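Trainee: Could you take me through a close look at one part of this model, the packing of a pair of helices? I would like a connected account of the geometry and the residues involved.

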Amino acid sequence: MPRNEQLDALILGGGVAGLTAALTLKGFGLSTLVLEEARSPGGQLHEIYAPITDHPLAYGCDGARFASLVLESARRAELPILVGAPVTRVTARARSIVRERERLRGRTFLIATGLKRRWLGIPGERELLDRGVSHSANRDRTVHSGKPVVVIGGGTGAVEDALLCAEVGCSVTLLHRPAQFRARTDFLDRARNDPSIRIVPNARAGRILGEDCVEAVEYRTKGS
């Protein structure tokens, strides 16, 4: 593909949304280029470890399996995909973007950049990642089975992680900064009624302690 060619669509994001859009446009005979910042396409699918139940074409698959199916479709369709570098500038008037100092042109931009995990920004979090700090109880709960676990957050994902850890015998402390939770009410009701889960509202994590692995989490509650 000549790099000075103006394509029908530049697709920013190589997750399931971006790849599906590219496959659909290819089916209509339109030229596309998928741009993915990560080293491999697939996006958030690589972070889903539980069976998928809310997508008719992926029912029962975990994220990795669904990603492999989507990527195989992209390979068969010979979709052009560039990975491993971010887009640094988008110019709508010129219908161009800049990536690694290279200007790419398209008649249409499709933004499918998806989500990124949010870090707490506290000491010890990045240093102890995968040495006690985890982003997925579904992936790692067997590693922590029977151990004390601290879950930080008040959304559905955090409360679900607390429930998953409690199922494998963990003693769970659930820290949430505001007094009100954003989680699904059915998950929250289960957590409140689970004797293995201690909910601490108005709590702010300060740092994660440990040398080779997590040993403790330091936090403060409002007014303390």
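Mentor: In this predicted model, α1 and α2 are roughly parallel to each other, because the angle between their axes falls under the 35 degrees that this description requires. Two packed helices are described by the angle between their axes and the distance between the axes. Here helix α1, which covers residues 16-27, packs against helix α2, which covers residues 63-76, at an angle of about 30°, and their axes lie 10 Å apart. As for handedness, the crossing that α1 and α2 make is left-handed. On the α1 side the contact is formed by V16, L19 and L23, while α2 contributes F66, V70, L71, S73 and A74. Sorted by class, this contact between α1 and α2 comprises 7 nonpolar residues and 1 polar residue, with no charged residues; S73 of α2 is the polar one, since Ser is not listed among the nonpolar or charged types.

Turning from the helix pair to the cysteines, the structure contains 0 disulfides. C61 counts as buried, because its relative accessibility is 15% and the cut-off for buried is under 20%. C213 is likewise in no disulfide, and the nearest cysteine sulfur, which belongs to C170, is 15 Å away. With a relative accessibility of 38%, C213 counts as partly exposed.

A last residue to place beside these is R220, which is found in strand β11, residues 216-221. R220 is exposed, with a relative accessible area of 63%, and, leaving aside residues up to four places away in sequence, R220 touches N202, A203 and R204.

Methods: Residues numbered from 1 in each chain as written. Predicted model: local features only at pLDDT ≥ 70, side-chain atom pairs only at ≥ 80, totals over all residues. Heavy atoms only, no water. Axes fitted to C-alpha atoms, helices over the stretch in contact; angles between N-to-C directions. Helix = DSSP H or I, 4+ residues; strand = E, 2+ residues; numbered from the N terminus. Parallel < 35°, antiparallel > 145°, perpendicular 65-115°, else oblique. Left-handed = near helix turned anticlockwise from the far one by under 90°. Contact = heavy atoms within 4.5 Å. Disulfide = S-S within 2.5 Å. Buried < 20%, exposed > 50% of the residue type's maximum accessible area, 1.4 Å probe, protein only.
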